[in-house]
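Hi,

Here is the structure I promised to pass on. Have a look at it first, and then read my notes below.

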Amino acid sequence: MYEKEREELIERLTRWGYLSKRDVINAFKKVPRHEFVPQNLRRYSYADQPLPIGHGQTISAPSMIAIMLESLDLKPAQKVLEIGTGSGYNAALIAELIGRDGQIFTIERVAELAEFGRANLKKSGYGGVKVITGDGTCGYTREAPWDRILITACAPEIPQPLISQLKVGGKLGAPVGRHYMAQTWIVAEKLGEKKINVQERGGCSFVPLVGKYGWKEE
Ligand code: SAH
């Protein structure tokens, strides 16, 4: 189902310059986005727009996800932490990129969404992704350190525990900025225990990262 729509979306994202890396394109080809979208919105699954998934949260637009994944050089056998499981779609793409020898843990603070993401992943063949309910701003020390960390909600700054839990040589991608506006997608590379190189990769708009090292709960 939806193969033609998926092909067309990938073709557009490639033409617009969001997708260029072969492995990222292959991951987009493989993962059925419509399985991660609420039933009543399925017909919009392959439009380039964010979609509501309940609890005031959204599954990001495909072009935004392409920017995130293309900026982080995800490779087979890496160990990856995602903060903000939401629908689980991005976690499934990461699972494709890191392959069978990779490991991905994803944390979601809203219990119902963690359940939604877990169920979507399982039914689409990504049952190996480990979904944890909790505050991702504290990271996940039990499984640290990480080759890659992706944050899919926006904080005023990168939570310190996540930088600590990154391997030297590892990369972290995150939207940093204010509530819903003036946000920048940044890639931080850990060059040494105390040395971080931060690059800005363009504007973006994400829901707030709410937690101990993010925004306070309202
Ligand atoms: N990656 C998701 C998009 C998620 S939207 C996808 O592919 O569908 C961002 C998600 O981050 C929301 O579900 C929100 O509840 C969650 N979130 C916000 N603050 C969080 C925190 N401190 N820890 C874990 N998840 C958080």
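Before the ligand, one term: a polar contact is a pair of N or O atoms within 3.5 Å. Keep in mind as well that this is a predicted model.

With that cut-off in hand, start with asparagine 90, where a polar backbone atom is 3.1 Å from an oxygen atom of the ligand. Glycine 136 also uses a polar backbone atom, this one 2.8 Å from a nitrogen atom of the ligand. At threonine 152 the partner is a polar side-chain atom, and it lies 3.3 Å from a ligand nitrogen. As for how much of the ligand is covered, on its own it has 590 Å² of accessible area, and the protein covers 99% of that.

Where does the ligand sit? You'll find it in the largest pocket. Several elements give two or more residues to the shell around it: strand E2 (57-59), strand E3 (79-83), helix H4 (89-98) and strand E4 (103-108). E2 has the largest share, with three residues. In total, 26 residues surround the ligand, and the closest are Ser87, Glu108, Asp135, Gly136 and Val210. If you sort the shell by character, you get 11 nonpolar residues, 11 polar ones and four charged ones.

Away from the ligand, I also went through the salt bridges. The count comes to 12. One to click on is lysine 4 with glutamate 8, where the closest N and O atoms are 3.2 Å apart. The two residues are four apart in helix H1 (residues 3-15), so about one helical turn separates them.

Last, some backbone oddities. Most residues other than glycine have a negative phi, and most peptide bonds are trans. Here are three spots that go the other way:

- Tyrosine 2 is not a glycine, yet has a positive phi of about 65°; look for it in the segment before H1.
- Alanine 77, also not a glycine, has a positive phi of about 75°, and its place is in the loop between helix H3 (62-70) and E3.
- The peptide bond from alanine 144 to proline 145 is cis, with omega near 0°. Proline 145 belongs to the loop between strand E5 (130-133) and strand E6 (146-151).

If you'd like somewhere to begin, try glycine 136: this residue is among the closest to the ligand, and its backbone makes the 2.8 Å approach to a ligand nitrogen.

Cheers

Note on methods:
Residues are numbered from 1 along each chain as its sequence is written. This is a predicted model: local features need pLDDT of at least 70, side-chain atom pairs count only at pLDDT 80 or more; totals for chains, interfaces and linings use all residues. Side-chain values use heavy atoms; hydrogens and water are left out. A residue is near a molecule or strand if one of its heavy atoms lies within 4 Å of it. A polar contact is a pair of N or O atoms within 3.5 Å; within protein, one must be able to donate a hydrogen and the other to accept it, and residues adjacent in sequence count only if both atoms are side-chain atoms. Accessible areas come from the Shrake-Rupley method with a 1.4 Å probe; for residues, only the protein chains shown count as cover. On a 1 Å grid over the protein atoms alone, a cavity is a set of points where a 1.4 Å probe fits but cannot get out, and a pocket is an open set with protein on both sides within 12 Å along at least five of seven lines; lining residues have an atom within 4 Å of a point. A molecule sits in a cavity or pocket if more than half of its atoms lie within 2 Å of its grid points. Ala, Val, Leu, Ile, Met, Phe, Trp, Tyr, Cys and Pro count as nonpolar, Asp, Glu, Lys and Arg as charged, and the others, Gly among them, as polar. A salt bridge is a side-chain nitrogen of Lys or Arg within 4 Å of a carboxyl oxygen of Asp or Glu.
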